[in-house]
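Please open the model in a viewer and follow the selections below in order.

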Amino acid sequence: MGRLIEGWRRLRSLRRRNELESGLDVEIRFHIDRQTEKNVRAGMEPVEARRQALIKFGGVARARESTRDEFRLGSIEDFVRDLRYGGRALLRAPGFAVVATLTLALGIGATTAMFSVVNAILLRPLPYPDQDRLVELVHEAPGLGIPRLLASPAIYFAYRDHSRAFESVGLWDWDSSPVTVTGSGEPEAVPSVEVTHEVLPILGGDPIAGRGFTEADDLPGSVPTAIISYGYWQRHFGGVDPLTQTLVVDGIARQVIGVLPQAFRFFDYPADIFYPRQPVRATAAFPSFDGRGIARVKPGVTLRDANADVARMIPLLMEEFGQPGARWGDAQFGPNLRWLKDSVVGNLGDTLWLLMGTIGLLLAIACANVSNLVLVRTQARRPELAIRSALGAGSTAIARVVFTESALLGLAGGVAGVAVAYLCLPLLLSLGGRDLPQIMTVAIDRTVLLVTLGTSVLATLVFALIPVLHFGLSRLQLADALPRGGRWIAGGQHGNRARHLLLVAQVALALVLLIGSGLMIRTFVTLRHVDAGFRDPDQVLTFQLAIPTAAAPEAGRTGLPTPEQALRMRQSILERLAAVPGVESAGFSGFNDGLPLDGDGRSSYVYAEGTAAADGVASPRELQFVSPHFFETLRTRLIAGRTFDWTDVYQSRRVALVSENLARAEWGSAGAALGKRIGPGRTDPWSEVVGVMEDVHHHGLNLPAPETAIFPVVPSDTASFVIRSDRVGTTGFLDDLRNAVWSVNASLSPAGVQTLGDLYHRSMARTSMTLQLLAITGTMALVLGLIGVYGIVSYAISQRRREIGIRLALGARHGEVRRMFVRQALALVGAGVAIGLGAAAGLTRLMKSQLFGVSPLDPWTHLSVALVLLAAAALASYLSARRASALDPVDVLRGE
Amino acid sequence: MARDKSDVLQGTLDMLVLRALQLEPMHGWGITERIEQWSESVLQLGQGTLYPALYRLERQGLIRSDWRVTENSRRARYYSLTPPGRRHLNQELAEWRRMSRAINLVLGATLDGGGA
């Protein structure tokens, strides 16, 4: 406080400066006059009296000067002067200033951009009220080795009835999405979600017009209703009063009862139509996991409490909904609830923190580089600093000169860094692509800018530390400032040691980043070599086609086809599609989740007849329902037997295909599977295995291909079509396909058009994002490191020109001199590589979850990257040594 | 630099100035006169150091100054103690007395010991 007040008084005295100056003059004059008068009274001559008075005062100028010192602004004024001085000094060395600022801007900018992603996705809460009380209902079955089972109507009913921890429980799914909206103009495929009446309130989706769903809407047989998104209201109804409108959704006329707020997002799904899920208690069964459950826990309830509550309810659930005869004890069903936020972010956190750490290392390298630049520059200014020192500047004053310049650089770097961040962010987001949850909007906001400020200050302290310590502590001798032997003596062994230390650190950090990139490259290559179970996916176009159906009695009334008629319609469409010029083959699979790597799928229990597992517990297996020619279109190989034909489909023959791994698991070999029978349980009819297909990766290339049972397509509202053609991606092809669809039924609309290649690449999106970011930072680190090596060699040579000249004059060969410098540089690089290898051994373990098919400690990667770095450093130092050592000894010695 | 003087000397000078101002406000020349008079001309203030001290003390809030007209109608800056200055002086005086008593004791003891 006292300091503050004194600072204020100093500031005020700065403003009153002129007044103080003239006041002081008046005061001194008055003083001397009085003394003169006194002397006169004592009997002196007036002239002598004044002279004595002046003598007694002891130097008017000195008194004035030292008094002025008291009312000067002191440290603040010094600081402003230092800043001005530092700014001028930087302007005189624009090359140094630009390079240092850009290097810092790169590091700070990359850190800022990456942090804005981390902040938006990992640190900021979800945009839902009470988001810290929302959980996703997830279960596990450790007995079957399954960590993640979702929810179902049975689970919804049981938890709604019995829960103590939950305030509200809801169930939703998107199995019917997209729905087809007809009745006004062209048919439209619209993304949709089925929800129970609790779901939207749990997510804070209160309609801005109309009402939300109520329990009455959830009862089967109630008046069909729908709530639409704000965007759909604007697009589809052009903003007219939505509550008077009716939407024909999959053939059912639904009354629009509400419009959601513009800002409302249903996770990352761009759903436009929400309608009641209407679960039926009578048919609800456990275990089944074909929906998503969401709940809001009561205030103060922890995840552990909620899990305990679910564990308590599971016996009640089994009692009411459990299927008779099954022994579920071995499965050990249990709760595995997750906070909604964790559920949305998934394991993206690992990746993002890894990348954040990577960028942090890059920033450290940038700091080391700038630190080195400041050292060199300050070495060059040593004569000037020595003169200042000789003129009375203390060591703190010298340190302040160095630090002020660094602070200016840090400030410029920070400002430029924000600009770099704005440029980098779109690039970063495009690398992340659809892997990043869009629900959390990434932006450079106030939090991010504050962190950037902190980063800049920290970076400044880090890179200024070594130069400030070095020059602040070392005794500058006046001799340093004097020209000796015709040139300035520059530097000393201390400066070199600091520079060497920085180079070692730089090389070590760069090696860590390069090894990380190397491991990611190997992961990527390994993934590319995984046999996905289908070939040339870029030539396979896929889309979803929903055909609204109605059961037989209603079908006649509404004009909708029955499910069987819809199936025949699909066959006609398939035939028209196959007839489109350039189409090689076409097929479809039932439901909207029947494609490999589409991020979804369905699984259930499939047993082999006569095996012990049929009586007990087994893992669920992947289920697929496909049309004839589906696998031919994907080019999935048939290992044994045959695939389906249309007779299998229409005669509802009890036939099945199995994946090779399922065949091996049950019967030991693919051939042995033919003629065996599989089925969903003891009570249901068995299906005969007529063929064995190659394994297909359904859930990711890095995950093992699931054991899959494949049945002929059954009637369903939605289906995923696959069309193989070398015309995929060319203009007009999609129109030809659409026309083929419309030639069968003009009210249908293909939705979600993409290639199988898109699915394939998306499944590698995270790996490629990590790879590309690591590769970019690794390359930058390598370049900065090599610049460091080059610089240190040429600097060493410039310092030892005279010695080189003498050596050459005494008969040393250029080659020997060069080798001497290369050897010295490589000793430093070697030390850096050794430290880097050690650090990499520790740090690469953190990226284990990102790797596939390669160990974090893979010696081949570690050592080869180290060798590459050594070789590159050798080349850089050689080039530097060759340029710098091409000296003519005569010139050098004459120059001295 | 002015502030590099030994703390003891500077502290003593400050204390003398404050003490001189304890009775009444005075101008700079008056302070030198007062100290010279009280010290029976032993302490001749180096005048070059008086004014820095006055400005410093004012900045520290121990004294304040205002312009007045003297008895023979000249403008002069008069300094007076502020309440914090008064407190500060009392503390300094107490401390000084404690110290000088201690030093006297030590000097006296040495004399006795030397005489034995």
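Select helix 19 (residues 563-579) and helix 24 (residues 733-744) of chain A, whose axes come within 9 Å and cross at roughly 145°. Helices (H or I, at least four residues) and strands (E, at least two) are DSSP runs, numbered from the N terminus; axes are lines fitted to C-alpha atoms, for helices over the stretch in contact, and angles run from 0 to 180 degrees between N-to-C directions. This is a predicted model, in which local features need pLDDT of at least 70, side-chain atom pairs count only at pLDDT 80 or more, and totals for chains, interfaces and linings use all residues. Residues are numbered from 1 along each chain as its sequence is written, while chains are lettered from A and ligands numbered from 1 in the order in which they are written.

Display the residues in contact (C-beta atoms, placed from the backbone, within 7 Å): helix 19 of chain A contributes A:Met569, A:Ser572, A:Ile573, A:Arg576 and A:Leu577, and helix 24 of chain A contributes A:Leu737, A:Ala740, A:Val741, A:Ser743 and A:Val744.

Next, select helix 7 (residues 153-162) and helix 10 (residues 303-321) of chain A, which pack at about 125° with axes 10 Å apart. These two helices of chain A, 7 and 10, are therefore oblique to each other (angles under 35 degrees count as roughly parallel, over 145 as roughly antiparallel, 65 to 115 as roughly perpendicular and the rest as oblique). Among the contact residues are A:Tyr159 of helix 7 and A:Phe321 of helix 10 of chain A.

Finally, select strands 3, 2 and 14 of chain A, an open antiparallel sheet in the order 3-2-14. Its edges are strand 3 (146-149) and strand 14 (334-335) of chain A, each pairing (at least two DSSP bridges) on one side only. A:His139 stands opposite A:Leu149 in strand 3 of chain A.

Technical notes. Contact = placed C-beta atoms within 7 Å.
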